[in-house]
Amino acid sequence: MTTVKIGIIGGSGLYKMDALKDVREVSLDTPFGSPSDALILGTLEGTEVAFLARHGRNHHFLPTELPFRANIHALKQLGVEYIISASAVGSLKAEVKPLDLVIPDQFIDRTKERIATFFGEGIVAHVAFGDPICPQLAEILGDAVASLNLPEVTLHRGGTYLCMEGPAFSTKAESNLYRSWGATVIGMTNLTEAKLAREAEIAYATLALVTDYDCWHPDHDHVTVEMVIENLHHNAINAQKVIQETVRRLAANPPVSAAHSALKYAILTRLDSVPVATKEKLALFLKKYLE
């Protein structure tokens with residue numbers, strides 16, 4: 001199987017990468033079920049990458065229904081070491097406007113119905129997650145945005161992504177609560193991905209594409225699907241440019257990330273006491289620690 005070091009997860013509005021060349025599809029099975037869709041392999045800026053439409057290319061998964069574990073496991077099977085995640089978000093700050101780009105460095109978890117770990121069934125691991133985004137990858141992503149001088153787009157480096165359950169948008173009371181916590185943007189998917197990517201020892205960074213002001217803003221107090229979709233189309237164009245430039249920079253100088261050894265001291269269970277079935281299920285993550 002082809003080894004691919006860079007994975008791209010496209011969110012709402014970004015279901016393909018037009019600049020991909022030598023495109024082919026790969027369908028992978030995982031111990032956690034099937035991924036959201038076939039993985040699209042191809043070259044971007046001369047570098048082999050893997051693209052996955054987070055919600056499926058027809059957008060048929062609710063955020064809570066997403067096969068998060070299968071998605072990350074499938075990318076790990078391909079050899080992915082870096083994930084660039086593009087995600088539509090609402091803004092919780094006046095200065096973060098629709099069509100702006102945010103590269104968060106923190107998360108708040110408001111989900112309650114998701115499995116956000118590969119571990120269990122006889123093995124316990126607690127990964128460090130104080131800094132949930134790989135800072136080196138985030139810096140490359142930010143530098144790529146800055147270099148493009150995108151019209152009508154402001155880049156915000158850093159900020160807190162609040163991950164809610166969905167699929168409904170926030171109430172005004174919730175939106176104002178999250179603002180009081182200092183959150184920058186709100187979305188429904190990226191925190192779960194980030195946790196699983198860390199357990200899979202993959203560096204992860206988010207390109208958050210602002211579509212709206214959630215519902216707190218007095219002049220934009222009603223989020224409509226029409227408004228979101230219109231901005232999604234604009235954001236998808238910008239996202240593809242940013243990802244292409246990020247891949248070029250990342251391939252030229254891939255950083256060593258702390259995420260790449262996240263399990264080294266995280267597994268508390270003696271591996272020789274882990275049930276055989278669990279070892280087999282997690283072999284992709286454990287193999288270097290079993291050797």
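Select S175 in this predicted model. S175 sits in helix α3, which spans residues 172-180. With a relative accessible area of 0%, S175 is buried. Setting aside neighbours within four places in sequence, the residues in contact with S175 are L92, S170, D214, C215 and W216.

Two of those contacts are worth following. Go to D214 first. D214 belongs to the loop between β11 and α5, the latter covering residues 225-252. Its relative accessible area is 3%, so D214 counts as buried. Show the side chains of D214 and S170: a polar contact of 3.3 Å joins them. S170 is also among the residues that S175 touches.

Now select W216, another contact of S175. W216 is buried, at a relative accessible area of 12%. What lies over the face of W216? Turn the view and R179 appears there, at 3.7 Å from the ring centre. The model holds 5 aromatic pairs. One of them joins Y213 and W216 in an edge-to-face arrangement, with 5.7 Å from centre to centre and 80° between the planes. Y213 is buried too, with a relative accessible area of 8%.

Add the annotated positions to the selection. In the unreviewed UniProt entry, the annotation "binding site" covers M188, D212, Y213 and D214. D212 is part of strand β11, residues 203-212. Is D212 buried or exposed? At 5% relative accessibility, D212 is buried. Its side chain makes a polar contact of 2.5 Å with the side chain of T211.

Next, colour the nonpolar cores. The largest nonpolar core has 81 residues, and I83, F118 and I243 touch the most other members. Strand β11 gives the most to this core, with 7 residues. Another core, of 9 residues, lies apart from it and includes A183, I186, Y213 and W216. In soluble globular proteins, nonpolar side chains tend to be buried together.

Centre on F118. Not counting residues up to four places away in sequence, F118 touches F32, R69, I72, H73, L196, E199, A200, L282 and F285. Two of these phenylalanines return in a ring cluster: ring pairs link F32, F118 and F285.

From F285, select the whole of helix α7, residues 283-290. Which residues of α7 are buried? They are L284, F285 and L286. Helix α1 and helix α6 (276-281) are among the elements that cover these buried residues.

Move to L66, in the loop between β4 (47-53) and α1 (68-77). L66 is buried, with a relative accessible area of 6%. Beyond its neighbours within four places in sequence, L66 is in contact with S36, R54, H55, F61 and T189. For a distance check, draw a line from the C-alpha of L66 to that of H217: the two residues are 30 Å apart in space and 151 residues apart in sequence.

The same loop between β4 and α1 holds H59. H59 has a positive phi of about 50° although it is not a glycine. At 33% relative accessibility, H59 is partly exposed.

Step back to T47, which lies in strand β4. T47 counts as buried at 17% relative accessibility, because buried means under 20%. Leaving out neighbours within four places in sequence, T47 contacts I6, G42, V247 and A251.

E45 is found in the loop between β3 (39-44) and β4. Its phi is positive, about 55°, although E45 is not a glycine. E45 is partly exposed, with a relative accessible area of 41%.

For the last stop, select G166 and P167. The peptide bond from G166 to P167 is cis, with omega near 5°. P167 lies in the loop between β9 (160-164) and α3. Helix α3 is also where S175, the starting residue of this tour, is found.

Technical notes. Residues are numbered from 1 along each chain as its sequence is written. This is a predicted model: local features need pLDDT of at least 70, side-chain atom pairs count only at pLDDT 80 or more; totals for chains, interfaces and linings use all residues. Side-chain values use heavy atoms; hydrogens and water are left out. Rings of Phe, Tyr and Trp (its six-membered ring) pair if their centres lie within 6.5 Å; planes under 30 degrees apart count as stacked, over 60 as edge-to-face and the rest as tilted. Buried means under 20% relative accessible area, exposed over 50%, partly exposed in between (1.4 Å probe, protein chains only). A charge sits over a ring if NZ of Lys or CZ of Arg is within 6 Å of the ring centre and within 35 degrees of the ring normal. Helices (H or I, at least four residues) and strands (E, at least two) are DSSP runs, numbered from the N terminus. Contact means heavy atoms within 4.5 Å. UniProt positions are given in the numbering used here, feature names are shortened, and annotations may be inferred rather than shown by experiment. A polar contact is a pair of N or O atoms within 3.5 Å; within protein, one must be able to donate a hydrogen and the other to accept it, and residues adjacent in sequence count only if both atoms are side-chain atoms. A nonpolar core is a set of buried Ala, Val, Leu, Ile, Met, Phe, Trp, Tyr and Cys residues joined through side-chain atoms within 4.5 Å.
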